[in-house]
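Work through the following exercises with the structure open beside you, and try each task before you read its solution.

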Amino acid sequence: MAILGRERKADWEVVYEGVNGLMDLYADDPDSKGMNAILKGFREYVHDLFGAADEGRPIVWHNCGCSPELIKGLEGVQSMPIEVLTVLQDLVGDSRYVMALIDEAEAHGLASEVCSIDKAAVGSVLGGLYPEPTCMLYHNTPCDSQVAAIKTTAALTGKPMRLMDVPYLYGDREVEYLARQMAEGIPFLEEHTGRKFSWDRFRQVCQESNRTAEYLRDWNDLRRHTPCPQVSKIVALCTALLVAFSGDPEGTAIARAFRDEARERIERGESAVEGGEKYRAVWYQDPLWWDLQFYDWMESELKLVIPMDLFGYYAPEALIDTSTPESMLRGLARKSLSVLPMSRQFKGPIDNFVDDYLKMCHEYAADFGIFAGHVACKHALGGIGLFREASREAGVPLLYFEFDMFDPRVTPAETIQAEIANFIEVVVKPQKELSGAARS
Amino acid sequence: MSKDDILATMQAAIEKPRNAYLDQWVAEGRKVMGYYCSYIPEELFSAAGLLPYRLRGAGSDSSAEGDAYMSARVCTFVRHTISLALRGELDFLDGVVLAQNCDHIRRAGDLFRKKVRPSFYGFLSIPRAPKERVFDWYLAELRRLKAELEAHYSRAITSQSLEEAIALHNATRERIARLYELRKRESPPVTGREALTVTVAAHVMPRARFNELMDDLLADLEQAKGNGGYRARVIVTGGVMDEPEYLATVEKQGALSVAELVCFGQRSFGNPIESGPGDPLERIARQRFFQVPCARMVECFDDQVSELMRRMKEYRADGIIFQRMKFCDPWAGDGHNLYWRMKEAGIPFLSLDREYQVAAAGQVKTRVQAFMEQMGK
Ligand code: SF4
Ligand code: SF4
């Protein structure tokens, strides 16, 4: 399917067709407001990206640890997360395309233990699937695999790259440090894009980012409702929304649709699970991207709902103060350090990672937790012992398994399904019955 | 002492977590500070009267304790070191100072803090780009660590004690540089295995004693005939490498390692710290921060490549053996990128993945033999 009237590489055409097909399918469904909004957002995004490439406008690549507001402060510059194609391929396209990209990166010599999304990003670069960047802006979060990927994309393209060094902790000193680097990064962006950075434009971008954040906060609150009003899989999409659309009216529209859908369903007394939810779990670590229907299966077969996961959790810590240039940079730095999912939990000491989980279990009244251990997240798997201990102490049953969030070949869906079903049967159900009996 | 005696002494010092020199240090009532990485300056510990001890997994026959806390997808170097600590085999350490070198060590830090609980726990947030624009952050981190050490040990780290530490560690740097210089000879008087034994020993022994041993060793080596019975000269590069036996396996195939650009090799020491004037801590910080960058650092890949190229020329090497611990992401990126750069430059390049404490056997032999063929050796 042509994009903006031109033929494009098959990987993109498949994705584009997928987005359009799903939009047609769900267009009139009042219960798919959120899904429709994100599909529409991504269709616009594909238009913007190829529009910029066709018009020869500058494109700046960034990684998923880097929220794009700063780049959007430059007039006429298009930002592009290096993970965007893979996310779309799994969301609406065909995961076989992702697997091919992963294989291409491995065949080119990138070690198999690097994260599949990073391998797929490298595969996309190798396959010439992304429009060329004028430069790249990267953050060294959320993990080492990202660092390997950003070094590799820089080596492969030979384009100028700038690192925003994200420090270990989260306090005011760290905020100042990162904000200063952002300020110093502006001339770099201007030099390589040939476009001026406008503080007025940046203010509008930050205000938009705040609007999105406010809707997400409300949406996070609404999902605490019992029964959970809205399907599980939508929470996995929140990070993609933030990485691609922060500072963009499209992002606000998506967040508002998430919120409205949840609110309206509560008003109508609807539950995400047909026939009523029996179990609630916090899904922690990484979502199962390669088959979002997996979440539908949990709802229909196990009566299990995921009210919140790490990717959907919008930590209500800060909005960007847009009163001065300095306050905006500080606000964006704070968002990067301690709000953006993944960057917030995956960097720094293990305590943040564990504390957020326990908080979520409490706030979302989870019967248990699912630690879906994406094999490449060594920061998470390296902390699994401490994580388990903390869960035990808090009395929250924890199911742990390892899988790959973008590559179904590592652990097949059936294996994960069996693990979850078995855990509910053996651990969660008896415990619930026991506490039910104790209450009555 | 002769070369053989000195090397045997150093070999004995690195086989197990403890060694006689360290035991003596502790018996004298002095304290030991563990650390993982060369971005953490040893001079600061020496200036505080502490013995800097670089954490390793040598002598660990099982990673079971580490495995209980970390998935098998964490690198075995880290799992062995943390296992030693959890088993109490590193209880001679009074403290540790860690950093977010990589995600694996970051989590080892959490385990040290929460489970091993040494008397002193320090952590540095080290920037990931060796650029002037973030140097002040690194320096501030060192100043914070200095203050924490002073408070904990009730002992001032003065300019004078820092200058003394610089002199002590520069003396090591100068000796290691001389050792490496000898390896440029047509017939180097030490093998890679021997040289690595020396550089590893430096990391776990009191420096003054190490420097004395080095004086004897260098005096002997300067006169030595050297070994010319190799088929190719190689540079071994990559991440952590503190296992001389691994190099022995490589060298048995006729590939003599003439320089190791690895953690625990000369890269960890670098050039001498400049002498005054100016704040000695700042001079230490500058030398450490702008050392030959490792894979955790970004925006410096060209510098890493030029360093490798320079060494290739200086040591007249025929090829490069890149070794990487399985599951290590920082070196996975660099391994890929180096491979293609070296290919472009026409430099033979062999990439080996390995596990810690697993004797390099069949596969390494075959791969190195094939590499020799590729180099026409
Ligand atoms: S999923 Fe995990 S390993 Fe992959 S990029 Fe994200 S944090 Fe890194
Ligand atoms: S080898 Fe790699 S993963 Fe292991 S400690 Fe070193 S940098 Fe970290």
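**Exercise 1.** Which residue of chain B forms a salt bridge with A:Asp351, and how many Å apart are the closest N and O atoms?

*Solution.* Keep in mind from the start that this is a predicted model. Begin at A:Asp351 and look across to chain B, where the partner is B:Arg113, with the closest N and O atoms 2.7 Å apart. A salt bridge requires such a nitrogen and a carboxyl oxygen to lie within 4 Å, so this pair qualifies. As a last step, place the pair in its setting: the count between chain A and chain B is 11 salt bridges.

**Exercise 2.** Describe the interface between the two chains, beginning with its extent.

*Solution.* First, 49 residues of chain A are in contact with 49 residues of chain B. Next, the area buried between the chains is about 4000 Å², and carbon and sulfur atoms give 54% of it. On the side of chain A, the residues A:Asp144, A:Lys151 and A:Tyr168 supply 18% of the area that this chain buries against chain B, more than any other three residues.

**Exercise 3.** Explain what the aromatic pair of B:Tyr180 and B:Tyr315 ties together.

*Solution.* First consider the geometry, which is edge-to-face, with 6.4 Å from centre to centre and 90 degrees between the planes. Then locate the partners: B:Tyr180 lies in helix H8 of chain B, whereas B:Tyr315 lies in the loop between helix H13 and strand E7 of that chain, so the pair ties together parts that are 135 residues apart in sequence. Finally, check the surroundings: B:Tyr180 is buried, with a relative accessible area of 1%, and B:Tyr315 is buried too, at 4%.

How values were computed
Residues numbered from 1 in each chain as written. Chains lettered and ligands numbered in written order. Predicted model: local features only at pLDDT ≥ 70, side-chain atom pairs only at ≥ 80, totals over all residues. Heavy atoms only, no water. Contact = heavy atoms within 4.5 Å. Buried area = accessible area lost by both parts, 1.4 Å probe. Salt bridge = Lys/Arg side-chain N within 4 Å of Asp/Glu carboxyl O. Phe/Tyr/Trp six-rings, centres within 6.5 Å; stacked < 30°, edge-to-face > 60°. Helix = DSSP H or I, 4+ residues; strand = E, 2+ residues; numbered from the N terminus. Buried < 20%, exposed > 50% of the residue type's maximum accessible area, 1.4 Å probe, protein only.
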